[in-house]
Every structure is written in C-alpha cells, then in structure tokens.
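Visitor: Please choose one part of the structure shown below and examine it closely, together with the parts connected to it. I should be grateful for one continuous explanation.

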Amino acid sequence: MLLPLSFPEFLRCAGYKVPESPHLQLDDFYGVVGRRARDEALVYLDIFVAAFETYLLIGGFPQAVASFLETGSVSDGFARDLWDVVQADLHRAGMIHTEQALRLLERVNASLCGWVGFRELADALGVSHPTVGEWLSALADSYLLIHLYQETGGMPAIDRQRKVYPTDPFLAQLPTRLSISSFTPEPSQVAESVLTMTLFRGLHKGSLDRFDAPSRLFYFRTSSGGEVDFLIHPGPMVAESKYVDDPSERETRAMVANFERGLLITRSAFEDTATVPVYPASIFCWLLDQGDLPPGT
C-alpha cells in the first residue's frame, strides 16, 4: 500500500522553509487558538501559497515528489506507472476496455466539486448504472478516489447523488498526461479535492476503510437548493472552499443561514467576518492535525 503525502508532509519533503505545524484539532479553527496560529503563519504566506499550488500540480506520491525535486516536473514514467495501477484496479473490478478507464477518470474530472451522475456516466461508458458504481467503489477501495455523500440526519444519504474526488492532486492531472484532449480541472477544483482529503485525514485518523463512505464528512444541501461544501459530525461543523483572493459575503451565506457560523477557506484571504473565520487553504492544511495515515507502508 502506498498513500500520497499530505500537504504538510510534502512541505517537509520538498524542502520548503516553514516552521513545524502546531497540529490543531478542527474545532480550534473556529476560535482564538486557530486565528492566532493562522496569524503567526501569515509571515510565510507567499511560501505557503507557492508550495500549495505546486502541490496541486504534482501531488504527494513519493515518486512524483522525488521526480519534481530532481527535474522540476513529474516524469512520464511515473505517470505511466500510476496509470497501470488504475487500470489494474479497474480490471479486477471487471472493466475490460482500457478506453473506459480513461473516460471514467475524465468524467470524474469533469464533475469535480459537483455531483457524479451515475446514469449519465453509465450511458457514456456503455455499461449499466450498478457497474459504474462498482468501478468507482473499486477505486475508492484502492485509495485513489474518495466519495462524499450528502448528509441527512447525521448519516450519508446513499440514495442521493454523491461527489467523487481524487485522493491525490496528480490523479486529477493524469488524464491530460495520457491524452492532450482530456479535460484539466481548474486549480480551485483540485484545491477542494485537497481540502476533502485534509479533512478526511483529520477526522478519520488511522482509518483506511472509509474512502467509499466517510462516516463523519459530508456535503450539505439546503432546502432552497444551496450547498455547503463540507459538513462534519459531531457538531455539526461546516466549511466552504472558495479558492479566490477576494471572497465576498455571499460565499458564506448558506453556512451562516443554516448553521450560524462556519469556516471559509480561500487562496490567500484571511480577513474574518463576525461569525466566519477565514483561512488560506495552504495554512489551513498545514495547521490541521491530519493524524497517522502513513505516506507509505
């Protein structure tokens, strides 16, 4: 088993000069402890943002990081090796045609941060709706994708559409490395994927069997059709990913209206509102205690 490095692990391995993380718990971010730790880290903000955007491109697989340190990019050889892993996992799940594997990853990318329509995906791949579910579950079982369900009563709503994120940023780049006509996600979409995995690591410390259905991490739909990116139990606690430098108050409207408070996670903004602490994504990921999911065993 080989899991990718988290962002704090990437910072250390890639040689970025930042201090040791204080390893905060999630509820610390809503109060004085989190704000103080963030403010102390702001002196390194330019380094954090540059490192985070490098991480969005190359990810945290140790071979990818080693290739980046040696040549400044991820090698074609590693991209082929990762592609072989994806194909092998899907082949064991019953997929026959290589083209279907690439199209499956492309569709995941195209729907990143939104719902995955299983029936539409099944039609595009020429298979049944249950088969698509089995293939996506196989990639979650292999720690390559993580599924996020809508929350209902503190439980995943398994009868409603889910979101699917790559567990490592380079998986979002892989289809483009294999086919120049493939869709490449925006940095804001990949950043939301990184935040999903960061929260998962922080909430499911040491647990490796939850990628198909995290038990504490969900997304939330409002009665009026709005959405909050992350809802965490117990609490509940909520957070919104807006990878921009100048967020507006409307970015937090659904959180405040439904939960009275929440976290806003941005690219570089950090100015708080009365009920919503604002954190740059890079500093948030660096601060959060992501537990003991190992980079490789």
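Guide: Helices, of at least four residues, and strands, of at least two, are runs assigned by DSSP and numbered from the N terminus. The model is a predicted one. In this numbering, Asp89 belongs to helix H5, which covers residues 76–92. Asp89 has a relative accessible area of 10%, and it counts as buried because buried means under 20%. Beyond its neighbours within four places in sequence, Asp89 is in contact with Ala138, Leu139, Ser142 and Leu144.

With these terms in place, let us turn to the part chosen for a close look, an open sheet. Five strands make up this sheet, in the order E5-E6-E7-E8-E9, and their pairing is mixed. At the edges stand strand E5 (217–221) and strand E9 (278–280); each has a single partner strand, so one side of each is left without a neighbour in the sheet. On average, neighbouring strands of this sheet are turned by 30° against each other, direction ignored.

We may begin at the edge strand E5. Four of the five residues of E5 are buried, so this strand is described as mostly covered. E5 pairs with E6 in the antiparallel sense, over four bridges. In this pairing, Leu217 stands opposite Ile232 of E6. The two strands form a hairpin with five residues between them, and in this hairpin Gly225 takes a positive phi near 95°. Lys163 lies over the face of Tyr219, 4.9 Å from the ring centre.

The loop that follows, between E6 and E7, deserves attention for its backbone. Most residues other than glycine have a negative phi, and most peptide bonds are trans. The peptide bond from His233 to Pro234, however, is cis, with omega near -5°. Pro234 is found in the loop between E6 and E7. A cis peptide bond also joins Gly235 and Pro236, with omega about -10°. Pro236 likewise has its place in the loop between E6 and E7.

Beyond this loop we reach strand E7, residues 237–241, which pairs with strand E8, residues 263–266, in the parallel sense over three bridges. Ser241 has Ile265 of E8 as its bridge partner. In the loop between helix H11 (253–259) and E8 lies Glu260. Glu260 has a phi near 75°, a positive value in a residue other than glycine. Its relative accessibility is 63%, and Glu260 therefore counts as exposed, the cut-off being over 50%. As for Tyr279, the charged end of Arg38 sits over its ring, 5.3 Å from the centre.

Which helix lies across E5, E6, E7 and E8? It is H10, which runs at about 20° to E6 (227–232). Helix H10 comprises the 17 residues 187–203, and at 1.5 Å a residue it should span 24 Å; the C-alpha atoms at its ends are 24 Å apart, which agrees. Of the 17 residues of H10, 15 are buried, so the helix is mostly covered.

To complete the picture, we may consider the aromatic rings. The model contains 15 aromatic pairs. In one of them, the ring centres of Phe7 and Phe10 are 6.4 Å apart and the planes meet at 25°, so the pair is stacked. Phe7 and Phe10 both lie in helix H1 (residues 7–13), three residues apart, about one turn of the helix. In an α-helix there are 3.6 residues a turn, so residues three or four places apart point the same way. Both Phe7 and Phe10 are buried. The rings of Phe10 and Tyr55 have their centres 5.2 Å apart and their planes at 50°, so this pair is tilted. Because Phe10 lies in H1 and Tyr55 in helix H3 (residues 45–58), the pair ties together parts that are 45 residues apart in sequence. Phe10 and Tyr55 are both buried. Ring pairs link Phe7, Phe10, Tyr16, Phe52, Tyr55 and Tyr243 into a cluster.

One further residue has a notable backbone angle. His23, in the loop between H1 and helix H2 (32–41), has a phi near 55°, a positive value in a residue other than glycine. His23 is partly exposed, with a relative accessible area of 40%.

Conventions:
Residues numbered from 1 in each chain as written. Predicted model: local features only at pLDDT ≥ 70, side-chain atom pairs only at ≥ 80, totals over all residues. Heavy atoms only, no water. Expected span 1.5 Å × (residues − 1). Buried < 20%, exposed > 50% of the residue type's maximum accessible area, 1.4 Å probe, protein only. Contact = heavy atoms within 4.5 Å. Pairing = 2+ DSSP bridges. Axes fitted to C-alpha atoms, helices over the stretch in contact; angles between N-to-C directions. Phe/Tyr/Trp six-rings, centres within 6.5 Å; stacked < 30°, edge-to-face > 60°. Lys NZ or Arg CZ within 6 Å of the ring centre and 35° of its normal.
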